[in-house]
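Trainee: Please walk me through just one part of this model up close: any cavities, and what lines them.

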Amino acid sequence: MKMHNFLCALALFFSASFGMLQAQNDENVTTEFGVKGGFNMSNLYNNNADDENILYGFNAGVYATLPISDFIAIQPEILFTTKGAELEYNNAFASGTGKFRLNYIEVPLLVRVNVTKNFNIHAGGYASYLVSSKVSGDGDFNFDEELDADDLNRFDAGLSAGVGVDFSPISIGLRYNYGLTTIGKERTVAGTTFTVPDAKNSNLSLYLSYKLN
């Protein structure tokens with residue numbers, strides 16, 4: 001997913017959010033524990049080109065907000081999240097779509113800043129562990145096959161940034177994850193070293209959270 005697509009979505013979210021919010025005098029953050037889940041739009045990118053095809057998925061897990069000042073908090077999370085890409089092919093031999101799915105346990109660690117009591121921005125990083133993967137296809141060739149996750153890079157890490165709007169006990173938010181780790185393993189064959197697949201994760205999430213305390 002190209003960065004300008006994320007920036008456009010982020011700008012729209014900012015505009016809509018500020019339109020809903022009223023000025024607040026009490027802009028403090030409080031300790032929170034809760035559950036969250038949402039909708040993912042994922043694809044893969046590499047140094048040469050961006051994959052334009054979006055794979056839809058989901059995320060779900062738990063979070064905590066731990067204040068360190070009146071306006072700033074540390075927010076750790078533990079999530080199950082889906083990533084990957086959808087590929088389209090259309091040539092003289094066959095046409096259809098293929099889906100490459102990656103399922104991770106992900107741990108974001110974010111710094112959250114409350115711009116107002118109800119509106120926050122957050123940024124930080126994440127680390128993930130690949131628990132399963134599969135490929136499937138529809139078209140001239142139909143297939144659905146589990147992949148050996150050990151054939152891929154089990155660990156992924158990257159940068160995260162987003163915004164959130166709080167309507168206690170419910171919050172909504174938009175977040176972008178930019179992967180820094182290649183999902184394929186490095187291999188050497190006949191003296192030549194290469195990485196397959198030579199790509200990194202890119203993921204935009206729309207989430208809903210519910211405060212339990």
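Mentor: Let's sort out the classes first: Ala, Val, Leu, Ile, Met, Phe, Trp, Tyr, Cys and Pro count as nonpolar, Asp, Glu, Lys and Arg as charged, and the others, Gly among them, as polar. Keep in mind that this is a predicted model, where local features need pLDDT of at least 70, side-chain atom pairs count only at pLDDT 80 or more, and totals for chains, interfaces and linings use all residues. Residues are numbered from 1 along each chain as its sequence is written, and side-chain values use heavy atoms, leaving out hydrogens and water.

Now, the structure holds two cavities of 30 Å³ or more (sets of points on a 1 Å grid over the protein atoms alone where a 1.4 Å probe fits but cannot get out; lining residues have an atom within 4 Å of a point). The largest has a volume of about 100 Å³, volume being the space filled by probe spheres set on the points. Among its 13 lining residues, Gln75, Arg112, Ser171, Tyr207 and Ser209 sit closest to the centre. β1, β5, β7 (155–167), β8 (170–182) and β11 each give two or more residues to that lining; strands here are DSSP E runs of at least two residues, numbered from the N terminus. By class, you get three nonpolar, six polar and four charged residues.

The second largest cavity comes to about 80 Å³. Its lining includes Lys36, Asn40, Glu106, Arg175, Asn203, Ser205 and Tyr207. Here β1, β3 (72–90), β4, β8 and β11 give two or more residues each, with β11 supplying the largest share, three. The class split is three nonpolar, six polar and three charged.

Definitions and conventions: On a 1 Å grid over the protein atoms alone, a cavity is a set of points where a 1.4 Å probe fits but cannot get out, and a pocket is an open set with protein on both sides within 12 Å along at least five of seven lines; lining residues have an atom within 4 Å of a point. Helices (H or I, at least four residues) and strands (E, at least two) are DSSP runs, numbered from the N terminus.
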